[in-house]
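I'm opening a fresh notebook page for this one. My plan is to go through the sheets and then the helices, jotting down what I look up as I go.

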Amino acid sequence: MNDIPVLIAGGGPVGMTLALELGRRAVPCLLVEESDRSPTVPRASSLSARSMEHFRKLGVSRRIRSAGLPPDYPTDVSYRTRIRGPELHRIALPSSARVLAAARPDPGTPTAEPQHRVSQRYVEPILLERSHDFPCVRIERGSRLDGFEETPDGVIATVRDVAGGVNRTVRADYLVGCDGGGSGVRAALGIGLTGDEAVLQAITAHYRAPGLAGLVNPPAWMTWSVNRDVLCVTVAVDGKDHWLIHAFYPVETDTAEVDPSTLLTQAIGSGTPHEVLGVERWTGRRLVAERYSSERVFLAGDSAHLWVPMAGMGMNIGIDEAMHLAWMLSAVHAGWAGPGLLAAYDAERRPVAEAVSGFATDIGRGLLDLVTAEVAEDDSPAGIASRERLGREVAVADQGQFTPIGLSFGYHFFGSPLIADDRRPPEFTVAGYEPCTAAGARLPHFVLDDGTSVYDLLGRDFTLVRVGAKAPDVEKILEASTERKVPLKVVDLPSAAAAERFRAALILVRPDQYIAWRGAEIPADPAALIDRVRGGSRVPSMQPAG
């Protein structure tokens, strides 16, 4: 017998999310993280609506929304020559308080949990604190995975205590590598990366600069500086003292010579008292793992993909992967998964990463082209004209990055072996989203008359939604799920508004809120349907019974 069902390597937001969802599902797990503290350079600054939906399930969305920027702090994105220079363009975006106020009463909103601007610096401690509520979750900071051997029965891992230098053996049913871009788990599996090795060079620096808040006027969450010296974005971390700068350079640039204090001056247009808290120099890439797993070992987050981190796509897609993998591992642990369930993780997640990597890279390349733009900072007619032109170009280059509704809700799993396809969902883009109930798409959001979100009614595992006043009896589907020990909750939505929203009498929803099957009547072979969605080998008939 193995020591633990799931061993997780890496304690960033992706690894912690996986641990919490396993804990919520009562699956024992051990997470090992080499560092015993939060990163000095917290790169990620935004959580997508999809991530916030997940954190709602995990019981931490309210705590996360209360962290970071003040509730009334605007999340505008400003484009300037420099922070103290003229503004080229501004995307006006609401504060978190305004976002929540607008989301609550409107039944037509795509989610009960809008996106939230918050630094990774605040998210990780909240997730760590929440882990203490799950007795089956063990977090070991100051421990690292030093190697592993995959066997037919599990994984034999070597875990090292960093401070004491002592190794021990941990036997697990499964190992998940959430260990970042330099993933040792991926390297040990011999999994290569495909794509563009280098797109740009970058520096991320974390500062304490109390006077900077007075210079970012009017206030903005992000302020882009576009000038002859640098292309960078200054991010408000707490709205007061803490700031990040991400600076981008052509791929041939040697960033080792870039001084972070000089960078801050180039971004502002003048000096300001500050302390450099941390610096990372990195290469923006577009790379996706050739495969996401072996038999017993899986990848999630940056261990599976690396791309230019526009719109926070890397962390947010990684969080979604963690939640996706968690329900699959939970099904195996509970004994109702079919032999093909875990294999479908790669089939479903890798195409999403390929698409998102393309979107992120296109945005990054478009912005990098601005480095070569001729922009004058003087007030001559030519200078003013150059800034007006650049403002128009910036608006186009960055379009959709800051309201990526499609990134949260638009991707689908059409063609997955777990999905009983009927028609293809709409094309996936970053900025666009068209709610639909095609199998493979995310269940559209719906608010009941009493203000309840339909997502709060769904079961922890599968849910069969009966829509309309004349929805058919589903006893045969319940019998088939019981026979295969697949947990299935039935939710009735008899209202005319629900029928108008969903346009299907029966919708089978997976644990991740995605539609596995829909129909007007129960299928002729309900057992085959249940087999398919749990990763069994049988393919269901799409014909109704009778």
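**Strand pairing, first sheet**

I started with Ser225 and looked for its bridge partner in S13, which turns out to be Cys232. A note to myself before going on: this is a predicted model. Ser225 led me to the strands themselves, and I found S12 (residues 222-226) joined to S13 (residues 231-236) by five bridges. These two strands run antiparallel.

Next I wanted the whole sheet. It is open and has eight strands, and I wrote the order down as S5-S4-S12-S13-S14-S11-S15-S17. The pairing in this sheet is mixed. Which strands stand at the edges? I noted S5 (87-91) and S17 (305-307). Each has a single partner strand, so one side of each is left without a neighbour in the sheet. I also looked up the twist, which averages 25° from one strand to the next.

**Second sheet**

Further along the chain I looked at another open sheet, this one of four strands in the order S19-S18-S20-S21. Its pairing is mixed too. At the edges I found S19 (488-493) and S21 (515-519). Both have just a single partner strand, so each is left with one side that has no neighbour in the sheet. Here the twist averages 15° from strand to strand.

I then checked one pair inside this sheet. S18 (residues 462-467) and S20 (residues 506-509) run antiparallel and are joined by four bridges. For a single example I picked Thr463, whose bridge partner in S20 is Val509. A reminder I scribbled in the margin: strands of a sheet pair through backbone hydrogen bonds, and can do so parallel or antiparallel.

**Helix H13 and its neighbours**

What lies across S18, S19 and S21? I found helix H13 (residues 475-483) there, running at about 160° to S19.

H13 also has a helix partner, so I followed that up. I looked at H15 (residues 526-533), and the axes of the two come within 8 Å, crossing at roughly 50°. That angle makes H13 oblique to H15. I put the crossing down as right-handed. On the H13 side I listed Lys476, Ile477, Ala480 and Ser481, and these meet Pro526, Ala527 and Ile530 in H15. Sorting the contact residues by class, I got five nonpolar, one polar and one charged.

**Helices H1 and H5**

Back towards the start of the chain, I looked at how H1 (residues 13-24) packs with H5 (residues 120-131). Their axes are 10 Å apart, and the angle is about 25°. The two are therefore roughly parallel to each other. H1 passes H5 in a left-handed crossing. From H1 the contact uses Pro13, Met16, Thr17 and Leu20. From H5 I noted Gln120, Glu124, Leu127, Leu128, Arg130 and Ser131. This contact has five nonpolar, three polar and two charged residues.

**Helix H2**

Last entry: how many of the nine residues of H2 (residues 49-57) are buried? I got seven, so the helix is largely enclosed by the rest of the structure. The buried ones I wrote down are Ala49, Arg50, Ser51, Met52, Glu53, His54 and Phe55. Just after H2 I also spotted Gly59, which takes a positive phi of about 80°.

How values were computed
Residues numbered from 1 in each chain as written. Predicted model: local features only at pLDDT ≥ 70, side-chain atom pairs only at ≥ 80, totals over all residues. Heavy atoms only, no water. Pairing = 2+ DSSP bridges. Axes fitted to C-alpha atoms, helices over the stretch in contact; angles between N-to-C directions. Contact = heavy atoms within 4.5 Å. Parallel < 35°, antiparallel > 145°, perpendicular 65-115°, else oblique. Left-handed = near helix turned anticlockwise from the far one by under 90°. Nonpolar A, V, L, I, M, F, W, Y, C, P; charged D, E, K, R; others polar. Buried < 20%, exposed > 50% of the residue type's maximum accessible area, 1.4 Å probe, protein only.
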